[in-house]
Amino acid sequence: MGIRVLIVASVASSRLLVSSASPTDASPKRQLVVVAGKEFPAQQLSREEIRNIYLGKKRFINGVRIRPLDYKRNEVRDRFLRSVVGMTSQEFKFHWLAKLFQDGVTPPEAVEDQHVIQRVKEGGGFLGYVWLDEAPTDPNLRLLLILNVPEGP
Amino acid sequence: MTEGHWLLNKPVKLQLKAALAVVVPLFLLSVVSMVLSLRNLDKTLREQYTNRAIASARFFEIILGEYLDLSQVVAFVSNIGQLKLALPHIQGAHLYAVRNGQLTPIYSTDKRLTNPSLLYQNYNEVISQGNPVSWESRRDNEPVLSVLTPIRFGGRTPQPIALEIVLELKHLNQEIQRFALQQAAFSLLGLLVTMGFAAWAINHWVIRRIVRLSEQVVAFGQGTPTQTAAMVDPVADEVGELSRAFERMRYDLRSTHLKLLQSEKLSAVGQLAGGVAHEINNPLGVIMGFAESALGCVGKGDPLEMPLQSIQREAMRCKNLVQDLLTFSRVSRVELEQIDLNEAIESTLSLFRGQAKMGQFEIRKELALHLPRVLGNPNQIQQIVVNLANNAFDAMGRQGTLAVKTSLLSDNDRTWICLAVSDTGSGIPPEAMPRIFEPFFTTKPVGKGTGLGLGLVHEIIQKHSGTIDVQSRPGFTEFCIKFPVLTDQEREERIAEYQMRSLANPPKEGRAAND
């Protein structure tokens, strides 16, 4: 556990150095990775499938209940919602308010930033998203899709 | 009086009627006011409750839509069943979603849901029109108010949801009940105070005085002379005015009554005296005739001369007396004409000059110039002055002043010519004052007066529609006679009336003379 944290920290600092070295680059691509446990019922997922899962439209894969994980509020969440789901954080909330009240479907569970990896490894249909450069190398993790997302506000 | 007012016709005391008149409207007014304010309060409180529920629903909408994260929303609605609602008087809340075209409960603070038919009835109003709806029902045998409010999240969700907030009405009803009791107590207190004051005020200011006046009127009507000037209501209002008017009326009535009595007495005595005089007239004529014949037959120095002269003199006195009686008692044919009062006085007073010179008398005249003329008989007017002057000289004895004044005065829309005859004599004793106009009443020594003088004066003045007043004290006596100044029309009417009376009632003087 201690080694992994260290790696994530060093990668983060190197990224920081790179981005500060080239300030003229308006929207450098940063990569997100959608991760799941090794028991997850799919090897890979398309961008559309991930969108449908996060909007509650796709809830089962091979009979297994898919449980997407979400963050309460952070930069990776905003970037993910904008580029993958195609909504702002508010639009996403109201989509889920309607879904919650109309269909009785619970929205993705929001967890603390550092708990995503741990939760997906528990299996049981959990999946989450992290920055690719922050994702630890772990045999128990499966990378479902790597996404290029534009950096910036 | 008014037949329609049953209460007015009942033999109910004035106090009770006044009390009813005050209490009944006041009572009705306070009842109506209480009912209206209760209804108003009820409506206002219910509106307040409904608005509070609507505001809570809006608050819920804002909290969910604007302030809570998605995760917090989920936590909130998931735990709504455990939510102990801290809001006062809110029994529970239910969240409904639209599923298959009807409201379906999704989250509830308790299991007791509203009657589905009511939800169905209100669906259109709440979901399609977007208006809150409220209704009252009973839950666990307690009255509750349900307020169903649509929640649309500012139109950012495709379908609205609806929040029903169930409020306990028990507290509200208790509040209304408490208010009603308070109101009733205050109203009752106010009513009692107002009634007490009104009863006191009406009784003190009006009723008591009317009752007292009524008692006085009744007593006066029964002939009990209870009222004195001191009992006149001095207050300057209508009741006081009524009391004073009654006192004036009472005074006038009493004086008129006394005058009437006096007049009747005079008339009766006059009739009697007239009858007697008429019978005496003829024998007197015989006595005088024979006395005169006998005097002619006896020579000077005859012992019968003096007795016969006495018989003749005394018979003449009797004749004069009889003449006075006849004048007093009968309507004689008198001619009315326009008289200058001053002239009549002057000519009469000239008769007394000799008398004045005999004693130490002064005759003082103060005659007003340009007096209107009096409609009357000159002989009778002179008779008034003669009688009054004779009395004055008799009262003064050997010396004194006789003053005769004329003047013009106005009162009560009428102008009067005033004749005042005063003397500085012994005055009329107070005990004699009420009787001075009675025939044959005299204070003079026997043989000096007949007691007919003032009676005649009174009779003549009455025939001239005048009045006579007397004031007297030792050393001063004044008779004040007033003759009305007549308008042309009144004068003509008076003359016509006189002529009519003369025709209908021909004087018996002629017959008396013939007898």
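# A sheet, two cores and their aromatic pairs

In chain B, helix H8 (residues 341-350) lies across strands E7, E9, E10 and E12, running at about 170° to E9(B); contact here means heavy atoms within 4.5 Å, axes are lines fitted to C-alpha atoms, for helices over the stretch in contact, with angles from 0 to 180 degrees between N-to-C directions, and helices (H or I, at least four residues) and strands (E, at least two) are DSSP runs numbered from the N terminus. This is a predicted model, in which local features need pLDDT of at least 70 and side-chain atom pairs count only at pLDDT 80 or more, while totals for chains, interfaces and linings use all residues. Residues are numbered from 1 along each chain as its sequence is written, chains are lettered from A and ligands numbered from 1 in the order in which they are written, and side-chain values use heavy atoms, with hydrogens and water left out.

The strands beneath this description belong to an open sheet of five, ordered E7-E9-E10-E12-E11 in chain B with mixed pairing, where two strands pair if DSSP finds at least two bridges between them. Strand E7 (360-366) and strand E11 (467-473) of chain B stand at the edges with a single partner strand each, so one side of each is left without a neighbour in the sheet. Neighbouring strands are turned by 15° against each other on average, direction ignored. Helix H11 (residues 453-463) of chain B lies across E11 and E12 of chain B, running at about 145° to E11(B).

Strand E10 (residues 414-423) of chain B has eight of its 10 residues buried, buried being under 20% relative accessible area, exposed over 50% and partly exposed in between (1.4 Å probe, protein chains only). It is joined by 10 bridges to the antiparallel strand E9 (residues 399-411) of chain B, with B:Thr406 partnered by B:Leu419. E9(B) and E10(B) form a hairpin with two residues between them, and B:Asn412 in the turn has a positive phi of about 45°. Eight bridges join E10(B) to strand E12 (residues 476-484) of chain B, again antiparallel, and B:Ser422 stands opposite B:Glu478 in E12(B).

In chain A, the buried residues of helix H3 (residues 75-85) include A:Val76, A:Phe80, A:Leu81 and A:Val84. They pack against elements of chain A including helix H2 (47-54), helix H4 (89-103) and strand E7 (141-150), and just after H3(A), A:Gly86 takes a positive phi of about 80°. A nonpolar core is a set of buried Ala, Val, Leu, Ile, Met, Phe, Trp, Tyr and Cys residues joined through side-chain atoms within 4.5 Å. Of the 41 residues in the largest one, A:Phe40, A:Leu45, A:Phe80 and A:Leu127 touch the most other members. Apart from it lies another core, of 37 residues, among them B:Ile345, B:Ile381, B:Ala389 and B:Val421.

A:Phe80 also belongs to an aromatic cluster with A:Tyr54, A:Tyr71 and A:Tyr129. Rings of Phe, Tyr and Trp (its six-membered ring) pair if their centres lie within 6.5 Å, planes under 30 degrees apart counting as stacked, over 60 as edge-to-face and the rest as tilted. The structure holds 14 aromatic pairs over all chains; A:Phe101 and B:Tyr107 form one that is edge-to-face, at 6.3 Å centre to centre and 80° between the planes. This pair crosses between chains, from helix H4 of chain A to strand E2 (residues 102-108) of chain B. A:Phe101 counts as buried because its relative accessibility is 1%.
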